[in-house]
Amino acid sequence: MSDWRANLIDEDAELAAILHETTRIAVLGMKTEAQAGQPAFYVHYPEVYEILGEPVYRKLADIPDPVDMVNLFRRPHHIPPHVPDLLAARPRAVWMQLGISHDGVAETLARAGIKVVQDR
């Protein structure tokens with residue numbers, strides 16, 4: 001079995017490769033147009049059904065086509081409840097935005113073969 005740590009991505013060349021291979025991105029924790037002045041990781045609006053003209057899905061696994069990357073905009077303590085959904089969706093990569101990291105979640109995803117970027 002290969003070393004799961006190889007799925008923890010931090011090198012610029014590896015980041016560039018993820019971006020080059022990515023065509024479909026799901027954003028977890030995206031804000032609505034009405035909250036444009038707030039950082040995205042501070043908000044979560046379950047009553048919203050569309051953002052920027054795109055449908056909102058309550059579960060990543062419900063998105064009809066495969067997702068290459070999940071872009072995470074959630075506070076670190078809000079990330080663990082999303083792990084089962086992330087594992088079910090099986091994106092190639094999960095990218096936690098600048099200021100967002102969770103080593104336990106990163107390890108779980110990396111062990112499942114998902115590339116993980118934290119705090120970038």
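## Report on a predicted protein model

Read along the sequence, the protein runs β-α-β-β-β-β-α-β-α-β. The model is predicted. Three helices and seven strands make up this pattern.

**The whole chain**

The protein has 120 residues, and 37% of them count as buried. Its accessible surface comes to about 7200 Å². Carbon and sulfur atoms hold 54% of that surface. Contacts also reach across the sequence. Among those between residues at least 6 apart, 55% join residues at least 24 apart.

**Strand β2 and its patch**

Strand β2 covers residues 25-28 and includes Val-27. The strand has two faces. Ala-26 and Leu-28 form the covered face. Ile-25 and Val-27 form the uncovered one.

Is Val-27 buried, partly exposed or exposed? Val-27 is partly exposed, because its relative accessible area is 35%, and the partly exposed class lies between 20% and 50%.

Val-27 also belongs to a nonpolar patch on the surface, together with Ile-25, Met-30 and Leu-52. These four residues share about 340 Å² of accessible area.

β2 has a strand partner too. It pairs with β5, residues 69-72, in the parallel sense. Four bridges join the two strands. Within β5, Asn-71 is the bridge partner of Val-27.

**The loop before β5**

Asp-65 sits in the loop between β4, residues 54-55, and β5. Asp-65 counts as partly exposed, with 42% relative accessibility. Arg-24 is 41 residues away from Asp-65 along the chain. Their C-alpha atoms are separated by 8.7 Å.

Here are the two partly exposed residues described above.

| Residue | Place | Relative accessible area |
|---|---|---|
| Val-27 | strand β2 | 35% |
| Asp-65 | loop between β4 and β5 | 42% |

**Helix α3**

Helix α3 spans residues 103-111. Which of its residues are buried? They are Val-105, Ala-106, Leu-109 and Ala-110. Seen down the helix axis, these buried residues fall within an arc of 130°, so they line one face of α3. The helix geometry gives the background. An α-helix has 3.6 residues a turn, so residues three or four places apart point the same way.

What do the buried residues of α3 pack against? Their partners are β1 (8-9), α2 (83-89), β6 (93-96) and β7 (115-117). After α3 comes Gly-113. Its phi is positive, near 90°.

Methods. Residues are numbered from 1 along each chain as its sequence is written. This is a predicted model: local features need pLDDT of at least 70, side-chain atom pairs count only at pLDDT 80 or more; totals for chains, interfaces and linings use all residues. Side-chain values use heavy atoms; hydrogens and water are left out. Patches are made of residues with over 30% relative accessible area and no salt bridge: like charges are joined within 9 Å, nonpolar side chains (Val, Leu, Ile, Met, Phe, Trp, Tyr) within 5 Å. Accessible areas come from the Shrake-Rupley method with a 1.4 Å probe; for residues, only the protein chains shown count as cover. A salt bridge is a side-chain nitrogen of Lys or Arg within 4 Å of a carboxyl oxygen of Asp or Glu. Buried means under 20% relative accessible area, exposed over 50%, partly exposed in between (1.4 Å probe, protein chains only). Two strands pair if DSSP finds at least two bridges between them. Contact means heavy atoms within 4.5 Å. The arc is that of the directions from the helix axis to the C-beta atoms.
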